[in-house]
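Biologist: Please take one part of this model and examine it closely, beginning with a single residue and working outwards through its surroundings. A connected account would serve me better than a list.

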Amino acid sequence: MIVRRELPADVPAIADVHRAAFAALTPTDAEPVEPGLVEALRADPAWLPRLSLVATEAEGSVVGHVCVTRATVDGEPALALGPIGVLPELQRSGVGGALMHAALGAADALDEPLVVLLGHLDYYPRFGFVPAAELGVEPDVPDWASHLQARALTAYRPQLRGVFRYAPPFYDLG
């Protein structure tokens with residue numbers, strides 16, 4: 001497996017990965033929101049091309065994707081991780097973990113201070129995520145508080161506290 005930056009030719013395969021990865025969590029015959037979210041994020045100023053990564057098999061087929069976009073905490077720059085998706089047949093094989101480590105390492109190398117996500121409370125702590133409230137970060141949507149998690153990076157400053165806000169496409173999910 002190779003983890004690298006997303007290329008324009010990867011866009012259809014990325015949509016397919018997210019469609020397959022989230023199909024089981026979506027009502028029958030409905031399109032998962034994740035492919036449309038990634039497409040909307042690509043068109044938004046919050047898109048950070050250096051932080052949209054794919055995992056490929058040796059022959060080059062895309063089997064996983066993660067993107068990290070610009071967000072804010074109390075108006076200061078931060079990052080939002082997600083969506084992250086892996087083809088169902090390769091889930092629990094290390095692809096997601098490789099994508100997480102690559103995304104967090106790249107964000108850290110770019111001197112970003114903080115990565116925030118909404119996610120499973122048993123999965124993301126293995127990557128250093130803690131409840132966002134422990135770092136003084138709260139969601140702008142109160143219903144998200146229980147699953148909002150944050151990971152401080154090397155450039156993190158404890159003064160970075162306040163309300164977390166995603167890029168606009170996250171609020172248009174339907």
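Modeller: Thr 56 touches Met 1, Ile 2, Arg 4, Ser 61, Val 62 and Val 63, leaving aside residues up to four places away in sequence; contact here means heavy atoms within 4.5 Å. The model is predicted, so local features need pLDDT of at least 70 and side-chain atom pairs count only at pLDDT 80 or more, whereas totals for chains, interfaces and linings use all residues. Residues are numbered from 1 along each chain as its sequence is written, and side-chain values use heavy atoms, with hydrogens and water left out.

Thr 56 belongs to strand 2 (helices, H or I with at least four residues, and strands, E with at least two, are DSSP runs numbered from the N terminus). Because its relative accessible area is 3%, Thr 56 is buried (under 20% relative accessible area; exposed is over 50%, partly exposed in between, with a 1.4 Å probe and protein chains only).

Strand 2 leads on to strand 3, the centre of this account. The two strands pair in the antiparallel sense over five bridges (pairing requires at least two DSSP bridges between two strands). Within this pairing, Ala 55 has Gly 64 of strand 3 as its bridge partner. Five residues lie between the strands of this hairpin, and Gly 60 in the turn has a positive phi of about 105°.

Strand 3 is largely enclosed by the rest of the structure, because 10 of its 12 residues are buried. His 65 lies in this strand and counts as buried because its relative accessibility is 0%. Its side chain makes a polar contact of 2.8 Å with that of His 18 (a pair of N or O atoms within 3.5 Å; within protein, one must be able to donate a hydrogen and the other to accept it, and residues adjacent in sequence count only if both atoms are side-chain atoms). Beyond four places in sequence, the residues that His 65 touches include Glu 6, Ile 14, Val 17, Val 38, Pro 83 and Leu 99.

Strand 3 also pairs with strand 4, in the antiparallel sense over nine bridges. Here Thr 69 is partnered by Ala 80 of strand 4. In the hairpin of these two strands, which has two residues between them, Asp 74 takes a positive phi near 55°. A further antiparallel pairing, over two bridges, joins strand 3 to strand 9 (residues 162–165), with Thr 72 opposite Arg 165.

Strand 3 is among the elements against which the buried residues of helix 3 pack; strand 1, strand 2 and strand 8 are others. Those buried helix residues include Leu 99, Met 100, Ala 103 and Leu 104.

Met 100 leads to the interior. Together with Leu 114 and Phe 164, Met 100 touches the most other members of the largest nonpolar core, which has 52 residues (such a core is a set of buried Ala, Val, Leu, Ile, Met, Phe, Trp, Tyr and Cys residues joined through side-chain atoms within 4.5 Å). Strand 3 supplies the largest share of this core, seven residues. Other elements that each supply at least two include helix 1, helix 2, helix 3 and strand 5. Leu 114 itself touches residues including Val 73, Ala 78, Leu 79, Leu 135 and Tyr 156.
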